[in-house]
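Here are my notes on the model, point by point. Please read them with the structure open.

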Amino acid sequence: MHKRQGWELKITIMKKLTFIICGLLLSITIKAQIPTDNPLRTKVDSIVQKAASDFMKKPGKVGLSVGVIYNGNTYKYNYGETAPGSGKMPTSGTLYEIASITKTFTALLIAHAVSEKKIDLNDDIRKYLKGSYPNLQYGNGQKVKVAYLVSHIARFPRNTATPIDSALTDDGFYKALHAIKLDTLQPYRFIYSNFGYQVLGHILENAYGLTYSQLIKKYITGPLDMPGTQLYPTGQANLIKGYNIDKKTMPETAITYPAAGGLRSNLDDMLKYAEAQLKEQDPVIKQTHHFLFSSDDGGADAMPWAIGRTRDWDYFQREDGGSKGFRTMITTFPEHGVAVVVLSNEADNDSGGQLWDATAAILNGLKKINK
């Protein structure tokens, strides 16, 4: 071997060693900078580590809990801190505001009510409300169906004039309901409405003679063994604080709209919920994954899951929740037997998209394991 070739070989080996050492140091640095309980022992661990680290490196992030269902196994991971500078990492029992993920619970209660013939999706909503509401019909005299509220095409306002973080009494709710003015229904158009889902909460309570909390426990959290998922009052010790991108503490969301976004939950419970959604063994759960309407603007939602396909054409069912200090997401990929839950106690304009990027990265990594 020529002397020059020998030096070139040494340089190549040194470059490879340098690359390996830098990679190891980077891995160690990332883990040191972002506290985590990820053991980094399996391929699933490594996939989640990369996706979660990419998310946590974004500005303002505080804490993150990630749950994955893959090949019939459940994986749980936590990152960051429950509060900036606290040194306390979240756990699978840490309570987060899940905000609009609550709507999937409300829709599931509606599906139960339909199966028990307490409610019909084609019924006029006024059948289940106290008092007279001549205003709750469209300009052409068409009735507002329960199904319209469930699928967000009823053209109800997003919220009432009462701030979302102020307590709304029953009197205030019915006063706001009397003030609604509706135009014609056609064409079908998706208009997201927290208020519409709160109306569904009142419809359920009136149909059953039970409170929303009692219905949640009877039909969902009780059967699925989800004791941590409740309508907690503000100031609950186990509920961590939420933050904005500047890591400033945000006010807790008062349970103004319990049926639209009032539930708090943890990773343990949300994985049980995700598994039930993924398996679809309960026909009532399966019913909530069916399309009710396709709006003329190209959107399509189930009860109220967003259903579609990724850029790689992977079928998904997803619902995300956002409040002033929390951003959360639950997604199932039935074709792959995969579910991903991500819970974060920081909210900004980009956090929803960032959670979806993390979810998609986890799915793409899992798809490559058996290749």
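1. Start with the pocket lining. S10 contributes the most to the lining of the largest pocket, with five residues. Strand and helix labels follow DSSP runs numbered from the N terminus: helices are H or I with at least four residues, strands are E with at least two.

2. A word on the source. This is a predicted model, where local features need pLDDT of at least 70 and side-chain atom pairs count only at pLDDT 80 or more, while totals for chains, interfaces and linings use all residues. Residues are numbered from 1 along each chain as its sequence is written, and side-chain values use heavy atoms, with hydrogens and water left out.

3. Back to the pocket. The largest pocket has a volume of about 650 Å³. Among its 32 lining residues, those closest to the centre are Ser100, Arg158, Tyr192, Asn194 and Gly322. The elements giving two or more residues to this lining are helix H8 (258–261) and S10. A pocket here is an open set of points on a 1 Å grid over the protein atoms alone, where a 1.4 Å probe fits, with protein on both sides within 12 Å along at least five of seven lines; lining residues have an atom within 4 Å of a point. The volume is the space filled by probe spheres set on the points, which are joined across faces, edges and corners.

4. What classes of residue make up the lining of the largest pocket? It has ten nonpolar, eleven polar and eleven charged residues. Ala, Val, Leu, Ile, Met, Phe, Trp, Tyr, Cys and Pro count as nonpolar; Asp, Glu, Lys and Arg count as charged; the others, Gly among them, count as polar.

5. Next, the aromatics. The whole structure holds ten aromatic pairs. One of them joins phenylalanine 316 and tryptophan 356: it is tilted, 5.1 Å centre to centre, with 55° between the planes. Phenylalanine 316 is in strand S10 (residues 315–322) and tryptophan 356 in helix H11 (residues 351–369), 40 residues apart. Both phenylalanine 316 and tryptophan 356 are buried. Rings of Phe, Tyr and Trp (its six-membered ring) pair if their centres lie within 6.5 Å; planes under 30 degrees apart are stacked, over 60 edge-to-face, and the rest tilted. Buried means under 20% relative accessible area, exposed over 50%, and partly exposed in between (1.4 Å probe, protein chains only).

6. Tryptophan 356 has another partner. Its ring and that of phenylalanine 333 have centres 6.4 Å apart and planes at 25°, so this pair is stacked. Phenylalanine 333 lies in strand S11 (residues 327–333) and tryptophan 356 in helix H11, so the pair ties together parts 23 residues apart in sequence. Phenylalanine 333 is buried, as is tryptophan 356. The charged end of arginine 318 also sits over the ring of tryptophan 356, 4.5 Å from its centre. For that call, NZ of Lys or CZ of Arg must be within 6 Å of the ring centre and within 35 degrees of the ring normal. Elsewhere, Phe156, Phe173, Tyr174 and Phe195 form one aromatic cluster.

7. Now helix H3 (residues 102–115). Its 14 residues reach 20 Å from first C-alpha to last, close to the 20 Å expected. The expected span is 1.5 Å times one less than the number of residues. Twelve of the 14 residues are buried, so H3 is largely enclosed by the rest of the structure. Lysine 117 follows H3 and has a positive phi, near 60°.

8. H2 also has 14 residues, and its end C-alpha atoms are 20 Å apart, which agrees with the expected 20 Å. H2 is mostly covered, with ten of its 14 residues buried. Among these are Val44, Ile47, Val48 and Phe55.

9. Check two loop residues by eye. Leucine 40 sits between helix H1 (3–33) and helix H2 (43–56). Its phi is positive, near 50°, and leucine 40 is partly exposed at 31% relative accessible area. Lysine 247 lies in the loop between strand S4 (242–243) and strand S5 (249–250). Phi of lysine 247 is near 60°, and the residue is partly exposed at 41%.

10. Is aspartate 246 buried or exposed? It is exposed, with a relative accessible area of 56%. Its C-alpha lies 5.7 Å from that of glycine 60, although the two are 186 residues apart along the chain.

11. Last, threonine 310, in the loop between strand S9 (306–309) and S10. At 15% relative accessibility, threonine 310 counts as buried. The C-alpha atoms of threonine 310 and alanine 360 are 8.1 Å apart, with their positions 50 residues apart along the chain.
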